[in-house]
Each structure stands twice: as C-alpha cells, then as structure tokens.
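This briefing concerns a single molecular structure, to be read alongside its sequence and model. Its topics are a pocket, a surface patch and a charged pair.

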Amino acid sequence: MLLVTNNFFMAILFGIIWGTANGLERISLNVIWPNYFGRKYSGSINGVGVTMTVLCFSLGPLPFGVGFDLFHSYTPVLLVSLIFPVIGMVCAILAKKPDKSEILAK
C-alpha cells in the first residue's frame, strides 16, 4: 500500500490498516505461543520474541536508508522487503503444532 500512497487520505488509511493489523498480531501471538509452547515457558519465549522484534526494528531503517541513497526511491526496497511476509506465511503454514502427550511423556 505504501507504493501507491500519494496523498494525505491514503496515508491515514495506511495508518489505520497498519494499526489494525498490528493490534490483531499482538492478540493472536498471546494465544498462539501458549498453545504451541505451553504456559510454563511463555514468558521466556515472549521475552526472546520481543528482544528479536526490538533488534529488527532498530536495524530495519538501515536497508531503507541505503536503498533510498542508491535508488533515490523507496520502491525497490519495499518490493524486496515483501519477501519477508511470504517467508513468514510459509513458515506458519509448515509449522506443526506440538503434540502435548509427547511433551508430558518426557
């Protein structure tokens, strides 16, 4: 959507959609992580996840800045960065939910 945002209304619409998606992500992660890993270690797993998120957010602007310096546009970097949601979707589809009976047997 950022590729076609060229006015104030589109920017506001992008912000609303982005905020809604992030809110839904936060809710779903708090349901999915305990279902996959159990409640016993959810704090540790959440801590690692949040640490990785902060690390990625801190390094994220770097490729966009370099891309803008090289191409004088954000378009090439935005197009290349579309691979990450695709990778995430593939990983989510391939993820196998752990069998709790196997975990309890150990």
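The points below are grouped by topic.

The structure is a predicted model. Its largest pocket has a volume of about 2100 Å³, and 42 residues line that pocket. On the surface there is a nonpolar patch of about 740 Å², and the count of salt bridges comes to one.

**Largest pocket**
- Among the lining residues, Asn22, Glu25, Phe57, Phe84 and Pro85 are the closest to the centre of the pocket.
- Five helices each give two or more residues to the lining: H1 (8–37), H2 (42–59), H3 (61–71), H4 (75–81) and H5 (83–94).
- Helix H1 gives the most to this lining, with 13 residues.
- By residue class, the lining comprises 31 nonpolar, nine polar and two charged residues.

**Nonpolar surface patch**
- The patch is made by Met1, Leu3, Val4, Phe9, Leu13, Ile17, Leu79 and Leu82.
- H1 also gives the most to the patch, here with three residues.
- Leu3, one of the patch residues, lies in the segment before H1.
- Leu3 has a relative accessible area of 44% and is therefore partly exposed; patch membership requires over 30%.

**Salt bridge**
- Side chains of opposite charge can pair when their charged atoms come close.
- Arg26 forms a salt bridge with Glu25, and their closest N and O atoms are 3.6 Å apart; the cut-off for such a contact is 4 Å.
- Arg26 is partly exposed, at 41% relative accessibility.
- Glu25 is likewise partly exposed, at 34% relative accessibility.

Definitions and conventions
Residues numbered from 1 in each chain as written. Predicted model: local features only at pLDDT ≥ 70, side-chain atom pairs only at ≥ 80, totals over all residues. Heavy atoms only, no water. 1 Å grid on protein atoms, 1.4 Å probe; cavity = no way out; pocket = protein on both sides within 12 Å on 5 of 7 lines; lining within 4 Å. Points joined across faces, edges and corners; volume = space filled by probe spheres on them. Helix = DSSP H or I, 4+ residues; strand = E, 2+ residues; numbered from the N terminus. Nonpolar A, V, L, I, M, F, W, Y, C, P; charged D, E, K, R; others polar. Patch = residues over 30% accessible without salt bridge, like charges linked within 9 Å, V, L, I, M, F, W, Y side chains within 5 Å. Areas by Shrake-Rupley, 256 points an atom, 1.4 Å probe, with all protein chains shown as cover. Salt bridge = Lys/Arg side-chain N within 4 Å of Asp/Glu carboxyl O. Buried < 20%, exposed > 50% of the residue type's maximum accessible area, 1.4 Å probe, protein only.
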